[in-house]
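Trainee: Please take a close look at the interior of this model, with attention to which parts of the chain build it.

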Amino acid sequence: MLVHIVADNQKKISELLALFGSQDRITSALLKDESSGPKECNALIVAVDLRNADNIAALKDVSAAFNDTPRKIFAIDQKVRLLAAQAYALGATHVLFRPVYQPSLLAALNGSRKSNLVSEDDHQGGARRAASEGAASLASMFAAVSIGQQVDAAEAKHAAGRIYDMIAEDGFSHWLETVRRHHEGTYQHCLLVTGTAAAFGLNLGLAKADMERLYSAAMFHDVGKAKIPLAILDKPGRLDDRERALIETHPAAGYDALKGTRGISSEILDAVRHHHEYLDGSGFCAADISDIVRILTISDIFAALIEDRRYKAAMSRASL
Ligand SMILES: [Fe+2]
Ligand SMILES: [Fe+2]
């Protein structure tokens, strides 16, 4: 694979180079030294501070020069939705957050080569890597939805599959502990719901295909929250009527954002649209609520009860 790295300092280039094996052909340049003109490679990796207006102007030329490159992976400095949105506006196909972990990078570059290289870089613990990869995928998805772009459904399903693998290997408790320690807010919630749904499915003994349908629906279920201001999502106090009404638009907003996206089935759309319907069928015909929506809704409520939110303390699993 031919990969070109563009960064605004040598340290970032060195960090990224360390993630590749000897079989890859990697070239690199500092942004200020990057020459113009069309380039040919399989992937471009950009690690540049997107808060700097000069960098953004220079990156527009870089993006044009790599117009035909299929993968443009931006490694951004902070988990800030606006910076991710800026990366997408500059042509990113994937957005990762620094420090970049090898599994996330390889998943973005080429999923099929991932498993070999994961074992070479196994110092973080499987659950922590799966959680980082899941959070990065959620961040990419939320950033895409917030600026009206299509989500990368394959990447999100892959990340959800890794969460399932981790829970099957290490158990649900280890997953809860890892996610609660390293992630917060909406991404923590989505990681917990996906993990809860996977653990629920494992306990039910679901077949592999059904399991994939369930954990994928869980991964996508709250993507409509990308349209809700963070000030409301993370508000420490009670929501007023207007704020509550806005929050309640997220299932429909998620449905609208995902419909027509390749890899998003009508079943996933249904789960996203209806995951806040009452399970007793009030306001909806109970017979029409699919099994996936039922399990997802229970997982969603369970995760909400055990996670730390600014306006309430977490409940323990044992107290539920
Ligand atoms: Fe929701
Ligand atoms: Fe939720």
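Mentor: In this predicted model, strand S5 (94-97), helix H4 (102-110), helix H6 (126-146) and helix H7 (153-170) each contribute at least two residues to the lining of the largest cavity. Helix H6 gives the largest share of that lining, with 4 residues. The lining as a whole is made up of Val 95, Leu 96, Ser 104, Ala 107, Glu 133, Ala 136, Ser 137, Ser 140, Glu 155, His 158 and Ala 159. The volume enclosed is about 70 Å³, and the structure holds 1 cavity of 30 Å³ or more.

The interior can be followed further at the metal centre. The iron ion (ligand 2) takes its protein donors from His 189 (NE2), His 221 (NE2), Asp 222 (OD) and Asp 300 (OD), at distances of 2.2 to 2.3 Å. Along the sequence these donor residues follow the spacing H-x31-H-D-x77-D. Of this set, His 221 and Asp 222 are both buried. The angles among the 4 donor atoms range from 82 to 171 degrees, and the site is classed as irregular.

Asp 222 leads on to the second metal, for Asp 222 coordinates both the iron ion (ligand 2) and the iron ion (ligand 1), which are 3.3 Å apart. Around the iron ion (ligand 1), the donors are Asp 222 (OD), His 250 (NE2), His 275 (NE2) and His 276 (NE2), lying at 2.1 to 2.2 Å. The site of the iron ion (ligand 1) is likewise irregular, with angles of 84 to 170 degrees among its 4 donor atoms. In sequence, the donors of the iron ion (ligand 1) are arranged as D-x27-H-x24-H-H. His 250 belongs to helix H13 (residues 250-258), whereas His 276 sits in the loop between helix H14 (266-274) and helix H15 (291-306), so this pair ties together parts that are 26 residues apart in sequence.

The surroundings of these two histidines can be stated as well. His 250 counts as buried because its relative accessibility is 4%, while His 276, at 44% relative accessibility, counts as partly exposed.

One further element pair completes the account. Strand S1 (residues 2-7) and strand S2 (residues 25-30) run parallel and are joined by 6 bridges. Between S1 and S2 the chain passes through helix H1 (residues 10-17), forming a right-handed β-α-β crossover. As one instance of the pairing, Val 6 has Ala 29 in S2 as its bridge partner.

Technical notes:
Residues are numbered from 1 along each chain as its sequence is written. Chains are lettered from A and ligands numbered from 1 in the order in which they are written. This is a predicted model: local features need pLDDT of at least 70, side-chain atom pairs count only at pLDDT 80 or more; totals for chains, interfaces and linings use all residues. Side-chain values use heavy atoms; hydrogens and water are left out. Donors are N, O and S atoms within 2.8 Å of the metal (3.2 Å for Na, K and Ca); water is not among the atoms, so sites may look incomplete. Four donors count as tetrahedral if all angles lie between 85 and 135 degrees; four count as square planar and six as octahedral if opposite donors are over 155 degrees apart and all others between 65 and 115; anything else is irregular. Buried means under 20% relative accessible area, exposed over 50%, partly exposed in between (1.4 Å probe, protein chains only). Two strands pair if DSSP finds at least two bridges between them. A crossover is right-handed if, with the strands pointing away from the viewer, the path from the first strand over the helix to the second runs clockwise. On a 1 Å grid over the protein atoms alone, a cavity is a set of points where a 1.4 Å probe fits but cannot get out, and a pocket is an open set with protein on both sides within 12 Å along at least five of seven lines; lining residues have an atom within 4 Å of a point. Grid points are joined across faces, edges and corners, and a volume is the space filled by probe spheres set on the points.
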